[in-house]
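User: Hi, could you walk me through this structure? I'm new to this, so plain sentences would help.

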Amino acid sequence: MTNERKSIHGEWSNRLVFILAATGSAVGLGNIWKFPYLTGENGGGTFVLVYLLCIALIGIPVMMAEIMLGRRGRQSPINTMKMLAKDENRNQSWVWLGRMGIVAGFLILSYYSVIAGWALSYVFRTGSGMFIGASTDVVNGIFGDLVGDPERLLAWHTIFIVMTMVVVARGVKNGLETAVRYLMPALFALLLMVVAYAMTTGHFMEGVRFMFMPGKITNAGVLDAMGHAFFTLSLGMGAIMVYGSYLPRGTSIVQATMYIAIADTVVALLAGLAIFPIVFANGLEPGAGPGLIFKTLPIAFGQMEAGTLVGTAFFILLTFAAWTSAISLIEPAVAWLVENKGINRLYASMYTGIATWLLGLGTVFSFNIWSDKTWSIPYIFKNYSFFDTLEKLTFNLMLPLGGLFIAIFSAWCMREASSREELDTSRWIYRLWQILLRYVTPIAVIIVFLKAIGAINS
Ligand code: TRP
């Protein structure tokens, strides 16, 4: 019976399209913007190691679980959880997992879009030759001018939200495939070119050492590494679940997950290898925060052969990568509105787009007119900017929590017969998956949470 469920939103035409779309969702600003600056802020080596462990032991099994739940439920995360809880004779409160995910996706997109706007604006800054031979001070100044100007940030944020909602309104299956099939490999090739440039700076090994030599890490750093494993693989909020709900039967979930996770990790590591040598060669700070790639890459593009062309193409492709990720952040909300509120995709996209745009204003202002304003969430966070509050709330709290409950539901609450049928893999892979989700994920998430509670608030 469950086998015959169909999604009202359609299906991917084949397995490759699913892998491409899910890779498109996974590879984004998380890999190229966030991974390097988190690595820098958290002191390098040990952070990277913990992140890799989290990908292998938590991220990969949770991704399999999310795809599996989606394919079994065939609906938006809320309705999927409702239906699966019923199938498995479990409490209906599991719908809250879907609800929290939809809220998390909406919150994340509101700031993701602002940062994607930075990438988009750098297409034009690089294209105009602004960075040719520019010193670190000039490059820093250009970044400072951009984020200090609410009007410009607002314009780019608006363009990015409109771009995202246009695709979502047309249905994620049209257009996404071509974008990912050609543009992802192109982004990969350009990253390799920047890595090649980084090798010529004379500081390549210093970058490598920073990334891979274990050192110190704080409890907050471990929480960042775990949060990032969820973020970079698009887990914990139902994005991959909803993509899984469009997945045809007979596709190996285990294999697809491995492709996606490997591609995602390789892109992040390359981004680090591209950026840290530039940081050290120019005497910059690895812990420069969210502006890191915008303060380092332009220096490289200003110096390398054909840098204007390479740099412009790079930021175009980075924007595309952000675009294919953004779509997956809002798709669960749109799918739910279509299922439950009886409105069509166009209106559902318009409403969610407007709401996301409005919330994004908070992030836009937090870099300029609200830069001194701080926000607190009682018992959770104190005195962070609007952007940091949203960021920490989703990244450090909602995603790991979502991942924890996905693990509990799929490994403890679902009958083995159901998950075994859906995963359809060898006995020992199934057991390994089950052990990781039953014990490793919950224990790891809980320990990291407990240790970090003190750290975040201090
Ligand atoms: N994974 C994307 C990135 O690395 C961001 C993203 C897309 C995401 N969908 C998500 C993050 C769902 C968390 C949950 O840029």
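**A look around the model**

Analyst: A good place to begin is Ser234, which sits in the loop between α10 (219-232) and α11 (239-244). Please keep in mind throughout that this is a predicted model.

User: Okay, is Ser234 buried or exposed?

Analyst: Ser234 counts as buried because its relative accessibility is 10%, and buried means under 20%.

User: And what about its phi?

Analyst: The phi of Ser234 is positive, at about 60°, although the residue is not a glycine. Most residues other than glycine have a negative phi.

User: Which other residue, not a glycine, has a positive phi?

Analyst: Arg74 has one, with a phi near 60°. Arg74 is placed in the loop between α3 (45-73) and α4 (77-87), and with a relative accessible area of 3% it is buried.

User: Back to Ser234 for a second. Which residues does Ser25 touch, leaving out those up to four places away in sequence?

Analyst: Ser25 touches Ser234, and also Ile240, Tyr243, Thr324, Ser325 and Ser328. Ser25 itself belongs to helix α1, which covers residues 15-26, and it is buried, with a relative accessible area of 3%.

User: Where is Ser328, then?

Analyst: Ser328 is in helix α14, which runs over residues 307-340, and it is buried with a relative accessible area of 1%. Leaving aside its neighbours within four places in sequence, Ser328 is in contact with Ser25, Ala239 and Tyr243.

User: How far is Ser328 from Val242?

Analyst: Their C-alpha atoms are separated by 8.3 Å, while Ser328 and Val242 are 86 residues apart along the chain.

User: Let's zoom out. How many helices and strands are there?

Analyst: The protein has 18 helices and two strands. Its C-alpha trace spans about 65 × 45 × 45 Å along the principal axes.

User: Does that make it compact or not, going by the radius of gyration?

Analyst: The radius of gyration is 21 Å, and this agrees with a compact globule, because a globule of 458 residues would have a value near 23 Å. Buried residues make up 61% of the 458 residues. If you take the contacts with a separation of 6 or more, 82% of them are between residues 24 or more positions apart.

User: What about the surface and the charges? What are the numbers?

Analyst: The protein exposes about 17,300 Å², and carbon and sulfur atoms supply 65% of that area. There are 31 positive and 25 negative charges, and the mean positions of these two groups are 9 Å apart.

User: Changing topic: how many disulfides does a search of the whole structure find?

Analyst: The search finds zero disulfides. As for individual cysteines, Cys54 counts as buried because its relative accessibility is 9%, and Cys413 counts as buried because its value is 12%.

User: One last residue: where does Phe386 lie, and what does it touch?

Analyst: Phe386 lies in helix α16, which takes in residues 386-413, and at 14% relative accessibility it counts as buried. Not counting residues up to four places away in sequence, Phe386 touches Leu359, Gly362, Thr363, Ser366, Trp370 and Trp375.

User: And how far is Phe386 from Thr80?

Analyst: The C-alpha atoms of Phe386 and Thr80 are separated by 32 Å, and the two residues are 306 residues apart along the chain.

Methods: Residues numbered from 1 in each chain as written. Predicted model: local features only at pLDDT ≥ 70, side-chain atom pairs only at ≥ 80, totals over all residues. Heavy atoms only, no water. Helix = DSSP H or I, 4+ residues; strand = E, 2+ residues; numbered from the N terminus. Rg over C-alpha atoms; globule rule 2.2 N^0.38 Å. Buried < 20%, exposed > 50% of the residue type's maximum accessible area, 1.4 Å probe, protein only. Contact = heavy atoms within 4.5 Å. Areas by Shrake-Rupley, 256 points an atom, 1.4 Å probe, with all protein chains shown as cover. Lys, Arg positive; Asp, Glu negative; His and termini not counted. Charge placed at Lys NZ, Arg CZ, Asp CG, Glu CD. Disulfide = S-S within 2.5 Å.
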